Amino acid sequence: MNLLYLTILFPLVGFLLLAFSGGRWSENMVATVGVSSVGLSALATVWVGWNFYSTFGEGTTVFTQTLWHWITVGNLPISITLSLDCLSLTIQSVVTGIGFFIHPVS
């Protein structure tokens, strides 16, 4: 369940690779990097969803994953946290699944 961050990391790495390639890669290489980054994100979503339903079931439980603590102001700790519940898992599945299928392949 601690792989939730991968659904954001894979497209981010794909974007950074494509942005800093400077147009030196062929169209096939660019398409491969783009499609594989979104596809890996979709696979990570399936894995996280399977773990979510096998661990928590169909209840109203929310899974939270703290990535890092950013700053503490007095008694208030501010951290970067990902939260996953049934609705966010549904939306994440739709976005990554449809994004993978509509991603152009040359």
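Helix H3 contributes the most to the lining of the largest pocket, giving 5 residues, in what is a predicted model. That pocket has a volume of about 180 Å³, and the residues closest to its centre, out of the 14 that line it, are Thr7, Ile8, Ser41, Gln92 and Thr96. The points below take up the pocket, the helices H3 and H1, and the strands in turn.

**The largest pocket**

- Two or more residues of the lining come from each of helix H1 (6-19), helix H2 (27-56), strand E2 (76-84) and helix H3 (86-102).
- By residue type, the lining of the largest pocket is made up of 7 nonpolar and 7 polar residues, with no charged ones.

**Helix H3**

- The 17 residues of H3 should span 24 Å at 1.5 Å a residue, and this agrees with the model, because the end C-alpha atoms of the helix are 24 Å apart.
- The buried residues of H3 are Leu89, Gln92, Thr96, Gly97 and Gly99, and since they fall within an arc of 165° when seen down the axis, they line one face of the helix.
- On the face of H3 that is turned away from this buried side lie the exposed residues Leu87, Val95, Phe101 and Ile102.
- Gln92 and Thr96 thus appear twice in this picture, as buried residues of H3 and among the residues closest to the centre of the largest pocket.

**Helix H1**

- For H1, 14 residues at 1.5 Å each should give a span of 20 Å, and the distance of 19 Å between its end C-alpha atoms agrees with that.
- Leu6, Thr7 and Gly14 are the buried residues of H1, and because they cover an arc of only 120° around the axis, they sit on the same side of the helix.
- Thr7, buried in H1, is also one of the residues closest to the centre of the largest pocket.

**Strands E1 and E2**

- Strand E1 (residues 63-73) and strand E2 run antiparallel and are joined by 9 bridges, with Ile71 standing opposite Ile78 in E2.
- The two strands E1 and E2 form a hairpin with 2 residues between them, and Gly74, in the turn, has a positive phi of about 65°.
- Ser79 belongs to strand E2 and has a relative accessible area of 27%, so it counts as partly exposed, a class that lies between buried, under 20%, and exposed, over 50%.
- Although Ser79 and Val95 are 16 residues apart along the chain, a distance of 25 Å separates their C-alpha atoms.

Key:
Residues are numbered from 1 along each chain as its sequence is written. This is a predicted model: local features need pLDDT of at least 70, side-chain atom pairs count only at pLDDT 80 or more; totals for chains, interfaces and linings use all residues. Side-chain values use heavy atoms; hydrogens and water are left out. On a 1 Å grid over the protein atoms alone, a cavity is a set of points where a 1.4 Å probe fits but cannot get out, and a pocket is an open set with protein on both sides within 12 Å along at least five of seven lines; lining residues have an atom within 4 Å of a point. Grid points are joined across faces, edges and corners, and a volume is the space filled by probe spheres set on the points. Helices (H or I, at least four residues) and strands (E, at least two) are DSSP runs, numbered from the N terminus. Ala, Val, Leu, Ile, Met, Phe, Trp, Tyr, Cys and Pro count as nonpolar, Asp, Glu, Lys and Arg as charged, and the others, Gly among them, as polar. Two strands pair if DSSP finds at least two bridges between them. The expected span of a helix is 1.5 Å times one less than its number of residues. Buried means under 20% relative accessible area, exposed over 50%, partly exposed in between (1.4 Å probe, protein chains only). The arc is that of the directions from the helix axis to the C-beta atoms.
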